[in-house]
Amino acid sequence: MTDSTASRIERLREQIREHDRRYYIEAAAVISDLDYDRLLEELRQLETAHPELITPESPTQRVGDAAVDELTSVRHVRPMLSMDNTYSEGDLAAWAARTAKQLGSDEPIEWVLELKIDGVAVSLAYDDGRLAQGATRGSGLVGDDITHTLRTVGGVPLQLSLASPPPRLDVRGEVYMTNSDLVRLNEKQAAEGLPAFANTRNVAAGSIRLLDPKLAAARPLRFFCHGLGDAGGLPIHSQTDLFAWAVSVGLPVAPWSQAFPSIEALIEYGREQIEALHELDFEVDGFVVKVNSFQQQRRLGSTSKSPRWAIAWKFEKYEATTTLARIRVQVGRGGTVTPVADLEPVQLAGTTVSRASLHNADEVARKDVRVGDVLVVEKAGKVIPHVVRVEKHLRTKRLTKWSPPTECPECHTPLVRDPEGVYIRCPNMHCPARQRERIKFFASRGAMEIEGLGEKLVEQLVETGLVRDYADLYRLTSNDLLPLERDGA
Ligand SMILES: [Zn+2]
């Protein structure tokens, strides 16, 4: 062996760590999977020739050889507490007021909003910057040792990028799976004649408790860091410090976290984010609201069950299960073509729901929604119901994968994809669907409310060619309208 072999090995490990960081933290891979695998393969070959240079932190060592016989218990250095819940903005504001009062009414407080990932809470112990132990939350005081499976989780660094790491660091976070990874995993399951997994949370919870790390490695799990059991004397003084630090040492953090000078500003931001939740490729069951300053957190302390400086702000969500009768595509007034789910009517939060949004073709693919599927639909806040997930374990027969249309369902013009690639649209300015939607928009909430101009009448007016634009509305005479059916218009 030469020095250059040792340094080549070290360089390869650093390169692979850097690519992992870019992939899991910045979500921006700079090399192809093939090139990544080549680096890993070169490292593996060098290590095979020089086994004395293998270290447990080498990226080749994520999957240990042996399965464990059983999971052993681990006592947490600091208890992993659970959080109080609230479902209303009023209760959240009341909690913030109580918290402020406890700290002294004049003291400024920063509030942090984080996504509450619907995954599995774990702790990771790093000794001298190296992953030494991973554990489930368990009772909060004692969990199960799952080091062997956590080593295989994407985004969990085996070694932190820290120049002078503390002797022990206790990192807290959430193991989860993305919706698109679940779709791919279930395709593999189906190809092997195995049953599909119901949802991302269940597969994450089951996978980290597997005894064989090879099986766990075949499940594409990921990790987000959201706390420290013990800062190990690092200069981290707040939740926002923690996020910046985590990213710098190679620990992924969830998107959208932000600090606010008032609870009102936080609530307003949270309300806006609820509308955008469907853009995320992982399941979220609410927000977590925390006091930003660690010093204030310490002064607030905990009850026996939960910290006083944090609360889960869960969504007032109503879920129902129903069957997807068909996927229809709708053309908006700007030409955007969106898939809509026609459902077997179901009661949801006191109303009958027979339609749900599927947002865009990518989302249909990501969630792998097929006609005939049993779906979980959800209504959060005032948002129109959307499809949360497919109950794939209930998929009995082979259902056909949905593919987006290539031409406009109304004018048959070939559809185009927008530059960002998410939406497809009908480029025809004179598309009857676009005209109809423009007039509907104009009649309902534009400059004027037009009495009696309902959806059905607009459809008839456009169909018969009486109206092509808003201006046509004013040229209509009662004689024009007489032959039209007026049922429910
Ligand atoms: Zn069209």
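**Reading a zinc site and its surroundings**

Trainee: Histidine 412 lies in the loop between strand 16 (386-390) and strand 17 (416-417), so what makes a stretch of chain a strand or a helix here?

Mentor: Both are DSSP runs, numbered from the N terminus: helices are H or I with at least four residues, and strands are E with at least two. The chain holds 15 helices and 18 strands. This is a predicted model, in which local features need pLDDT of at least 70 and side-chain atom pairs count only at pLDDT 80 or more, whereas totals for chains, interfaces and linings use all residues. Residues are numbered from 1 along each chain as its sequence is written, and side-chain values use heavy atoms, with hydrogens and water left out.

Trainee: Why is histidine 412 called partly exposed?

Mentor: Its relative accessible area is 48%, and because buried means under 20%, exposed over 50% and partly exposed in between (1.4 Å probe, protein chains only), that value falls in the middle class. Histidine 412 also has a positive phi of about 60 degrees although it is not a glycine. Aspartate 128, another non-glycine residue, has a positive phi of about 50 degrees; it is found in the loop between strand 4 (120-127) and strand 5 (130-136) and, at 45% relative accessible area, is likewise partly exposed.

Trainee: Which atoms coordinate the zinc ion, and at what distances?

Mentor: The sulfur atoms (SG) of Cys408, Cys411, Cys426 and Cys431 coordinate the zinc ion at 2.2 to 2.4 Å. Donors are N, O and S atoms within 2.8 Å of the metal (3.2 Å for Na, K and Ca), and water is not among the atoms, so sites may look incomplete.

Trainee: What makes the site of the zinc ion tetrahedral?

Mentor: The angles among its four donor atoms are 99 to 115 degrees, and four donors count as tetrahedral if all angles lie between 85 and 135 degrees, so the site qualifies. Along the chain, the donors follow the spacing C-x2-C-x14-C-x4-C. Cysteine 411 lies in the loop between strand 16 and strand 17, while cysteine 426 lies in the loop between strand 18 (424-425) and helix 12 (432-445), so this pair ties together parts that are 15 residues apart in sequence.

Trainee: Which of cysteines 408, 411 and 426 are buried, and which are partly exposed?

Mentor: Cysteine 408, at a relative accessible area of 0%, is buried, and cysteine 426, at 1%, counts as buried as well. Cysteine 411, at 22%, is partly exposed.

Trainee: How many disulfides does the structure hold?

Mentor: There are zero, which means that no pair of cysteine sulfur atoms lies within 2.5 Å, the limit for counting a disulfide.

Trainee: What makes serine 293 a buried residue, and which backbone atoms lie by its side chain?

Mentor: Serine 293 has 19% relative accessibility and therefore counts as buried; its place is in the loop between strand 10 (284-291) and helix 10 (294-300). A polar atom of its side chain lies 3.2 Å from the backbone nitrogen of glutamine 295, and one lies 3.0 Å from the backbone nitrogen of glutamine 296. Leaving aside neighbours within four places in sequence, serine 293 is in contact (heavy atoms within 4.5 Å) with His237 and Ser238.

Trainee: Which residues of helix 8 are buried, and what do they pack against?

Mentor: In helix 8 (residues 239-249), the buried residues are Gln239, Leu242, Phe243, Trp245, Ala246 and Val249. They pack against strand 3 (111-117), strand 7 (168-176), strand 8 (222-230), strand 10 and helix 10. Just after helix 8, glycine 250 takes a positive phi of about 105 degrees.

Trainee: Why is proline 252 called buried, and what does it touch?

Mentor: Proline 252 counts as buried because its relative accessibility is 2%. It is placed in the loop between helix 8 and strand 9 (258-260). Not counting residues up to four places away in sequence, proline 252 touches Tyr24, Ile25, Gly155, Phe223, Phe224 and Cys225. Its C-alpha atom is separated by 7.9 Å from that of arginine 21, although the two are 231 residues apart along the chain.

Trainee: Where do the domains lie, and how many residues join domain 1 to domain 2 by contact?

Mentor: The chain is divided into domain 1 (3-60), domain 2 (80-314), domain 3 (317-425) and domain 4 (432-481), with bounds from an automatic or database domain assignment. Eight residues of domain 1 are in contact with 11 residues of domain 2, and the C-alpha centres of these two domains lie 27 Å apart.

Methods:
Polar contact = N/O pair within 3.5 Å; in protein donor to acceptor, adjacent residues only side chain to side chain. Tetrahedral: all angles 85-135°; square planar, octahedral: opposite > 155°, others 65-115°.
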